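Visitor: I am new to this structure, and I would like a careful, close look at the loops, followed by whatever helps me to place them in the whole. Please take me through it step by step.

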Amino acid sequence: MAKKVAGASLGPFPFADVEADSGLVSDVPEQLPEEHADADLVSALPSAPMAMGLSNLRLYKGFWLPEWSVPAAVALQRRFEPRRDDVIVASFPKSGTTWVNALTFATMARRAYPAADAGHPLLRLNPHQCIPFLEGLLGSRRGEAKLEALPSPRLMNTHMPLAMMPRTAAPPPGGGGCKVVYVCREPKDMVVSRWHFHRRLHPELPFADVFEAVCSGAVAYGPAWDHMLGYWSASTARPDSVLFLRYEDLLRDPAEHVRALARFVGLPFSGAEEDAGVVDDIVKLCSFGHLKNLEANKTGNLNPMLPIPRDALFRKGVAGDWANHMTPEMARRLDEIVADKLHAVGLAFHEGRLD
Ligand code: PAP
């Protein structure tokens, strides 16, 4: 693995491998004193408890962030320096992150790791292990050193809203540039997915608690509509910098969107690749049915901080499951809240599609 990493130009390489391989940062201390020492920074922010003893939320720059991630949000703005060839997969939780992480990794890394190869990293690693999670690393000195040590091109993942992104992420000349792939999901299905996920830690969590939290906006990384709007506006203003994907569109035609993704990251499929079926190989490799049944996705927990089994990321993978969980009144209420918020910029969900 070390040889490939040293080559650098064929990346991104699986983060878990780079991390295991790299002695570079082992002598860097864990904590970064700056934000952590500043207890006032977090404690001065308005707070809201998250249901069932999950982490508390703090209102920071108009968004309800998990308390533990506030130092990372600060570090993101203060110190994170995007590189021009960085790609960041951004999403509101439970909107298709795992899938888009896998698709983006497989697309960008296809020269080093052809999707049909028996040794492909996604056959032995969970997609989240292939891509560093920004808020899991930023805010710790060692974590930040790991991000810095990553060879270009870096592929990273975040749930942070656009408002937390550093100004330097804007395109040149104002910023250093970097590309963002955002995935958005029909909110009712997102709520259902979130509830099932949290239930893996708290089986007795009432669906109504998660529903009400999402409707109020006070849910991790919420309000959901502001999260979507930030990236949507950026994608319309700067389509070369922000690609706005919809989970439901990916379900409808994954190959078309993998092609769009490849063009967006500057690696369009060649005629020879098209003829060889590379797009279909990537779609198959990253399909729900395939990933769900891999040992890497059936065993183990997400991470030490979140002792939820990895299989929680692969529940049903469909659109419209909300109808099995919500009363018509609940559905109407959330639809109205979302329509009201998105109306201002002319966005709407129609049968799972955001127009
Ligand atoms: P995260 O934000 O914690 O990373 P995320 O991956 O965004 O979670 O969301 C998980 C949802 O994506 C699950 O939806 P469900 O609960 O409605 O089933 C999961 O099934 C779905 N998902 C994960 N991988 C895929 C995939 N390859 N294809 C389609 N859907 C997927």
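Guide: Helices, H or I in DSSP and at least four residues long, and strands, E and at least two, are DSSP runs that are numbered from the N terminus. The model is predicted, and with those names in hand we can turn to the loop between α9 (141-149) and β5 (155-158), which is where P153 is placed. The peptide bond that leads from S152 into P153 is cis, its omega being near 0°. Most peptide bonds are trans, and most residues other than glycine have a negative phi. A cis bond is also found from G222 to P223, again with omega near 0°, and P223 has its place in the loop between α11 (207-216) and α12 (224-237). The loop between β2 (57-60) and β3 (63-66) holds K61, a residue that is not a glycine and yet has a positive phi of about 55°.

From the loop that holds P223 we can step back to α11, which packs with helix α19 (residues 328-343) at an angle of about 20°, the two axes lying 10 Å apart. Angles under 35 degrees count as roughly parallel, and α11 and α19 are therefore roughly parallel to each other. The crossing in which α11 passes α19 is left-handed, and the contact is formed by F207, A208, F211, E212 and C215 of α11 together with M330, R333, L334 and I337 of α19. Sorted by class, the residues of this contact of α11 with α19 are 7 nonpolar and 2 charged, with no polar ones.

Another helix pair is α6 (residues 97-108) and α14 (residues 254-264), whose axes come within 10 Å and cross at roughly 60°, so that α6 and α14 are oblique to each other. Here W99, L103, T104 and T107 of α6 meet P254, V258, L261 and A262 of α14, a contact with 6 nonpolar, 2 polar and no charged residues. The crossing of α6 past α14 is right-handed.

Lastly, there is the ligand, which 21 residues surround, K94, T97, T98, S193 and K316 being the closest. An N or O atom in the side chain of K94 is 2.4 Å from an oxygen atom of the ligand, while polar side-chain atoms of R185 and H128 lie 2.9 Å and 3.1 Å, respectively, from an oxygen atom of the ligand.

Terms used: Residues numbered from 1 in each chain as written. Predicted model: local features only at pLDDT ≥ 70, side-chain atom pairs only at ≥ 80, totals over all residues. Heavy atoms only, no water. Axes fitted to C-alpha atoms, helices over the stretch in contact; angles between N-to-C directions. Parallel < 35°, antiparallel > 145°, perpendicular 65-115°, else oblique. Left-handed = near helix turned anticlockwise from the far one by under 90°. Contact = heavy atoms within 4.5 Å. Nonpolar A, V, L, I, M, F, W, Y, C, P; charged D, E, K, R; others polar. Near = heavy atom within 4 Å. Polar contact = N/O pair within 3.5 Å; in protein donor to acceptor, adjacent residues only side chain to side chain.
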